[in-house]
Amino acid sequence: MEVSGVGLPDEAPWKKMSAEELEHQYLPSRWVVRLGAEEALRTYSQIGIEATGRAQATWKSLLHVPYGDGGGEKMDIYFPNKAAEGASPFFLFFHGGYWQSGSKDQSAFMADPLAAQGVAVVIVGYDIAPKGTLDQMVDQVTRSIAFVQKRYPSNEGIYLCGHSAGAHLAAMMLLADWTKHGVTPNLKGFFLVSGVFDLEPMVYTSQNVALQLTLEDARRNSPQLKVAQVQSADTACPVLVVVGQFDSPEFHRQSWEFYQTLCQGGWKASFEKLRDVDHFEIIETLTQKDSVLTKMILKTVFQ
Ligand SMILES: N[C@@H](CC(=O)c1ccccc1NC=O)C(=O)O
């Protein structure tokens, strides 16, 4: 019998890292080359706030729509100019911030370019830590999607997109059990942008001070493990896994290994490493109608 431990060829690389190195790998702002870390985070917030203001000034919207009774269970919906409200593709976005920062109020990056093409954009709020636990966030995201399906039954497809921690939440929906929600959402595609899919390393970083994940919580909430274990009914949905050129090696590994696991599970997955963008620019480019990622999304929605 083999003794598990250091040096086995299939040992996850992060297990051999020092605490400092692991911390560094999982601090996306430290890998930004164009700006200092603080400035990159400030710019990201600013671009998100501006895009949200622009979306609210431009498109017909419903703001702070409750999808449940909890304080954070609210969504903003931006409608394209269409006679029949609800008869359009719906694009649901889950913001990042390591499950402990960010909000829907500054995350409507893509609302303007997508609404201009006839897509309804929903920015979903959820209760971040320490108020919310990861299990609660996953449940909230599940209910937000069921809510959209029930409210807009004539939707032309529901597309889920998440950034970073939000990509994790979206990825958990690949294996959601909809039976207890009384509806099967018309899921037509996933866009997982610079995500974390195996949460185990997070347990050993400073992010876990607010998250308080046990190893068991981390494993139960890791799509990387779940996709490999559970046979899913509907693998026909396209899943795009994208990571930025300037994301850290651990973020590259997370996306690549998740993509490979999806392929092994029979999912229609694709993988893209987006050139010239870091962890924050990758989502900031969604404010532009002709960025590579915006075009990939529109191609999937309208193919
Ligand atoms: N404290 C982190 C912030 C962070 O990770 C983050 C910030 C905004 C949007 C996404 C993020 N990462 C994952 O959810 C950092 O310094 O990189």
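This report describes the sheet, selected helices, the ligand surroundings and some backbone details of a predicted model.

## Basis of the model

Because the model is predicted, local features are given where pLDDT is at least 70 and side-chain atom pairs count only at pLDDT 80 or more, while totals for chains, interfaces and linings use all residues. Residue numbers start from 1 along each chain, following its sequence as written.

## The sheet

Eight strands make up an open sheet of mixed pairing, in the order β1-β2-β4-β3-β5-β6-β7-β8. Helices (H or I, at least four residues) and strands (E, at least two) are DSSP runs numbered from the N terminus, and two strands pair if DSSP finds at least two bridges between them. The edges are held by β1 (60–66) and β8 (268–274); each has a single partner strand, so one side of each is left without a neighbour in the sheet. On average, neighbouring strands of this sheet are turned by 15° against each other, direction ignored. Axes for such angles are lines fitted to C-alpha atoms, for helices over the stretch in contact, and angles run from 0 to 180 degrees between N-to-C directions.

At one end of the order, β1 and β2 are antiparallel and joined over five bridges, with L62 opposite I77 in β2. Strand β2 (residues 74–79) also pairs with β4 (residues 120–124), in the antiparallel sense over four bridges. Here I77 has V122 as its bridge partner in β4, and Y78 has V121. On to β3, the pairing with β4 is parallel and consists of five bridges, one residue pair being F93 and its partner I123 in β4.

## Burial of β2 and β4

A residue is buried if 20 or more other C-beta atoms lie within 10 Å of its own, exposed if 12 or fewer, and partly exposed in between, with C-beta atoms placed from the backbone. Strand β2 is mostly covered, five of its six residues being buried.

In β4, five of the five residues are buried, so the strand is largely enclosed by the rest of the structure. Its two faces are both covered: A120, V122 and V124 are buried on one side, and V121 and I123 on the other.

## Strands β6 and β7 and the helices packed on the sheet

Strand β6 (residues 187–193) runs parallel to β7 (residues 238–244), and four bridges connect them. In this pair V193 stands opposite V242 of β7. Helix α9 (residues 249–264) packs on the sheet, touching β7 and β8, and its direction makes about 165° with that of β7. Helix α11 (residues 292–302) also packs on the sheet; it touches β5 (158–163), β6, β7 and β8, and its direction makes about 180° with that of β7. Contact means that the C-beta atoms of two residues, placed from the backbone, lie within 7 Å.

## Helices α4 and α5

Helix α4 (residues 134–151) has 18 residues and reaches 26 Å from its first C-alpha to its last, close to the expected 26 Å; the expected span is 1.5 Å times one less than the number of residues. Its buried residues include L134, M137, V141, I145 and F147. D139 is also found in α4, but is partly exposed, with 18 other C-beta atoms within 10 Å. The C-alpha atoms of D139 and A176 are 9.3 Å apart, although 37 residues separate the two in sequence.

In helix α5 (residues 165–172), eight of the eight residues are buried, so the helix is largely enclosed by the rest of the structure. These buried residues pack against β3 (90–94), α4, β5, β6 and α8 (223–229).

## Ligand surroundings

The ligand is surrounded by L27, P28, S29, A37, Y44, G96, G97, Y98, G102, S164 and A165; a residue is near a molecule or strand if its C-beta atom, placed from the backbone, lies within 6 Å of it. This shell has six nonpolar, five polar and no charged residues. In this classification Ala, Val, Leu, Ile, Met, Phe, Trp, Tyr, Cys and Pro are nonpolar, Asp, Glu, Lys and Arg are charged, and the others, Gly among them, are polar. One of the surrounding residues, A165, is also among the buried residues of α5.

## Backbone details

A cis peptide bond with omega about 5° joins A129 and P130. P130 lies in the loop between β4 and α4.

Positive phi values occur at S194, near 50°, and at D276, about 65°; neither S194 nor D276 is a glycine. S194 lies in the loop between β6 and α6 (208–211) and is buried, with 29 other C-beta atoms within 10 Å. D276 lies in the loop between β8 and α10 (281–284) and counts as exposed, with 12 C-beta neighbours inside 10 Å.
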